[in-house]
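What follows is a walk through one structure, going from strand pairing to helix packing and then to individual residues in loops.

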Amino acid sequence: MMQNDKTVMLLHSIYSPADLRKLPLEELPRVCDELRTCLVQELSQNPGHFASSLGVVEITVALHYVFDTPNDRIVWDVGHQAYAHKMLTGRREQFGTNRKLGGLHPFPSPTESEYDTFTCGHASNSISAALGMAVADRICQNKRKVVAVIGDGSMTGGLAFEGLNNASGTANDMLIILNDNNMSIDRSVGGMKHYLHHLHTGSTYNNLRYRASQRLMQWGWINEDRRKQIISFNNAMKALLNNQQNIFEGMNIRYFGPADGHDVIELVRTLRSIKDMHGPKLLHLHTRKGKGYDPAEKQPTVFHAPGKFDPETGERIVSNEDNLPPRYQDVFGHTILELARKNDRIVGITPAMPTGCSLNIMMQEMPHRAFDVGIAEGHAVTFAGGLASEGMIPFCNIYSAFAQRAYDNIIHDVAIERLNVVFCFDRAGLVGEDGATHHGAFDMAALRPIPHLTICSPMDEHELRHMMYTAQLPNQGPFVIRYPRGRAEHADWQCPMQALTVGKGRKLKEGANVALLSIGPLGNTAQKAIQKAEEQAKTEGRELTVAHYDMRFLKPIDTDILKEVGQQFHRIVTLEDGAKNGGLGTAVIEYMMENGYHPQVTRLGLPDEFVEHGTVPQLQQIVGIDEEAIKEELLRK
């Protein structure tokens with residue numbers, strides 16, 4: 001249970017890791033307790049990623065106590081583990097601004113602090129980045145240490161294994177901390193989870209082996225190459241005797257553990273004993289997601305990002321949702337199940353986000369037809385391609401920003417063969433407080449040049465259902481449906497589904513002066529802006545009527561609409577919640593130029609820069625795609 005505010009005194013004297021390192025070792029458990037108290041207090045009122053940061057408190061304290069940060073480098077994998085790190089590195093007093101407009105970044109960012117060594121909004125990149133730092137230090141003869149902290153399911157990502165493979169064959173002294181909490185956001189899946197659970201190699205044995213090999217080298221009996229050969233032979237013999245191969249030592253990465261990741265004093269002792277060892281090393285630690293706060297320990301998935309909650313009871317504070325429209329993700333979840341009941345070739349795939357994308361709805365009824373493949377977006381896409389090559393219709397649901405990691409797979413393993421994979425890109429457009437690493441800004445611009453793809457975005461939840469129904473019809477080929485985070489437009493979302501004509505938009509309103517072409521849910525904002533613009537123009541004594549087209553499809557784009565607009569209008573405004581360079585507006589300009597039309601085209605969309613964090617309405621206002629900005633553009637003479 002929480003401590004009283006008056007007892008949180010020791011932490012208030014720590015403004016940097018240098019202050020932490022002045023404390024005696026026996027005070028560190030108290031620092032950990034106070035950090036948890038502060039995290040509970042802050043995050044119960046200012047929502048963020050909660051359970052993951054509670055689970056790594058002791059690891060964070062031990063690392064900053066043993067290593068000389070910021071000179072020594074700590075690279076975090078999945079930045080939602082790093083809240084305690086922020087508090088210990090001079091940002092405790094500003095932590096109330098975390099994830100707010102103009103406040104602390106939601107994830108570690110080198111632009112914010114010298115203690116944040118690398119951007120880490122997505123998973124599995126820490127080993128590769130840390131290896132690069134370690135090799136750079138070796139080349140420049142720097143005497144700093146480099147540590148990668150990977151966990152929360154990130155070891156299932158292919159990039160992590162690419163980094164491990166390179167680390168095993170490249171001269172470096174990197175330390176990898178494997179934070180094994182048996183969790184990602186939902187429960188971890190796959191063979192690596194089970195492997196880590198059963199792995200057993202003691203740190204006592206490793207320390208003895210290291211000291212023996214160093215002594216032999218000092219005596220001149222063996223050189224470095226011979227030492228590596230002996231270690232490799234030793235690893236093979238140990239695997240034979242134990243009837244188990246240690247995957248890390250099989251790659252010549254020294255393995256220590258598993259150990260208790262919540263015993264901060266023992267962690268400090270272990271880190272001190274291995275920090276100066278030569279060669280790549282991995283310390284395997286067992287932790288508990290949500291550690292120290294009973295509600296989060298019991299429901300780690302719920303408390304991954306719980307929103308506001310009562311810190312005393314753990315009861316989540318939620319608004320009355322009885323008459324609110326559903327979330328787009330839930331419309332997807334219910335609709336795919338509805339379609340799968342009628343079409344036995346439909347399967348669902350998600351890379352580690354079944355709850356976040358609502359594929360868990362299908363999993364509960366059809367567990368044999370819904371697959372969580374772990375944090376492995378590229379594999380998810382190629383796995384879907386393999387299913388489609390045998391006649392299945394996979395709905396592959398990936399957050400838009402995470403789908404960037406599977407770009408080659410979309411091209412090479414799906415588009416070239418015109419396989420009927422349905423990509424559902426959740427969290428498209430601005431996502432809000434998670435910031436630049438999570439905005440679904442680039443999907444339309446990145447995917448539009450790829451042959452054979454159909455790309456569409458629904459204006460509301462009814463359109464989402466129609467698009468999902470259309471995508472699973474025969475001979476559709478690869479089909480991309482992008483939709484935002486947040487709630488849909490109507491509470492009565494369960495409309496009958498109907499087939500859409502691929503590549504055809506719709507005219508929502510007649511007009512004579514300006515044509516507004518929108519794609520996706522921003523069309524609803526556009527409708528309100530059009531009404532206000534026309535009313536204001538009328539009060540000003542001038543005529544303004546705006547024709548509004550919901551394009552529906554970015555590719556193939558409706559050339560009949562574009563021809564009509566090119567012939568009838570001198571002013572065109574395009575509106576999209578993606579990068580305007582390469583998206584809908586660019587496609588419209590290309591058509592007009594190639595077909596001899598010369599209207600004035602104004603593109604409203606995301607700018608050629610990374611948009612930081614804030615609420616979605618705040619960010620829409622900043623980038624100029626909110627209702628007021630649209631209205632002002634329509635009124636412009």
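Leu178 of β3 has His284 as its bridge partner in β5. The model is a predicted one, and this pair is part of a parallel pairing in which six bridges join β3 to β5. On the other strand that pairs with β3, the bridge partner of Ile150 is again Leu178. Ile150 belongs to β2 (residues 146–151), and five bridges join β2 to β3 (residues 175–180), with the two strands running parallel. A further position in that pairing sets Val147 opposite Leu175 of β3.

Val147 also leads to β1. The bridge partner of Ile74 in β2 is Val147, and Arg73 stands opposite Val146 of β2. Four bridges join β1 (residues 73–76) to β2, and here too the strands are parallel.

These pairings belong to an open sheet of five strands, ordered β1-β2-β3-β5-β4 and paired in parallel. Which strands stand at the edges of the sheet? They are β1 and β4 (254–260); each has a single partner strand, so one side of each has no neighbour in the sheet. From one strand to the next, the twist averages 20°. In general, strands of a sheet pair through backbone hydrogen bonds, and the pairing is either parallel or antiparallel.

How is β2 placed with respect to the rest of the structure, enclosed or not? Six of its six residues are buried, so β2 is largely enclosed by the rest of the structure. The cover extends to both faces of β2: Val146, Ala148 and Ile150 are buried on one side, and Val147, Val149 and Gly151 on the other. The strand β3 is also mostly covered, with six of its six residues buried. On one side of β3 the buried residues are Leu175, Ile177 and Asn179, and on the other Ile176, Leu178 and Asp180, so named because each falls under 20% relative accessible area.

A helix lies over part of this sheet. Helix α12 (residues 264–274) lies across β3, β4 and β5 (281–286), and runs at about 170° to β5. The edge strand β4 also holds Pro258, and the peptide bond that joins Gly257 and Pro258 is cis, with omega about 0°. Asn252 is found in the loop between α11 (247–250) and β4. Phi of Asn252 is positive, about 60°, although the residue is not a glycine. With a relative accessible area of 39%, Asn252 is partly exposed.

A second cis peptide bond occurs on the way into β1. Pro70 is in the loop between α4 and β1, and the bond from Thr69 to Pro70 is cis, with omega near 10°.

The helix α4 (residues 57–66) packs against α2 (residues 28–45) at an angle of about 130°, with the axes 10 Å apart. The angle makes α2 oblique to α4. The crossing of α2 past α4 is right-handed. On the α2 side the contact is made by Leu28, Val31, Cys32, Leu35, Arg36 and Leu39, and on the α4 side by Val57, Glu58, Val61 and Tyr65. Sorted by type, the residues of this contact are eight nonpolar, no polar and two charged.

Three loop residues remain. Asn125 lies in the loop between α5 (83–91) and α6 (126–140). Is Asn125 buried or exposed? Its relative accessibility is 17%, and Asn125 therefore counts as buried. Leaving aside residues up to four places away in sequence, Asn125 touches Trp76, Asp77, Phe118, Thr119, Cys120 and Leu159.

Ser358 is in the loop between α15 (354–357) and α16 (360–365). Phi of Ser358 is near 70°, a positive value in a residue other than glycine. At 2% relative accessibility, Ser358 counts as buried.

Thr615 sits in the loop between β17 (600–606) and α25 (616–623) and counts as partly exposed, at 29% relative accessibility. Apart from residues up to four places away in sequence, Thr615 touches Gly432 and Glu433. The C-alpha atoms of Thr615 and Asp434 are separated by 9.3 Å, while the two residues are 181 residues apart along the chain.

Key: Residues are numbered from 1 along each chain as its sequence is written. This is a predicted model: local features need pLDDT of at least 70, side-chain atom pairs count only at pLDDT 80 or more; totals for chains, interfaces and linings use all residues. Side-chain values use heavy atoms; hydrogens and water are left out. Axes are lines fitted to C-alpha atoms, for helices over the stretch in contact, and angles run from 0 to 180 degrees between N-to-C directions. Angles under 35 degrees count as roughly parallel, over 145 as roughly antiparallel, 65 to 115 as roughly perpendicular and the rest as oblique. A crossing is left-handed if the near helix is turned anticlockwise from the far one by less than a right angle, and right-handed if clockwise. Contact means heavy atoms within 4.5 Å. Ala, Val, Leu, Ile, Met, Phe, Trp, Tyr, Cys and Pro count as nonpolar, Asp, Glu, Lys and Arg as charged, and the others, Gly among them, as polar. Buried means under 20% relative accessible area, exposed over 50%, partly exposed in between (1.4 Å probe, protein chains only). Two strands pair if DSSP finds at least two bridges between them.
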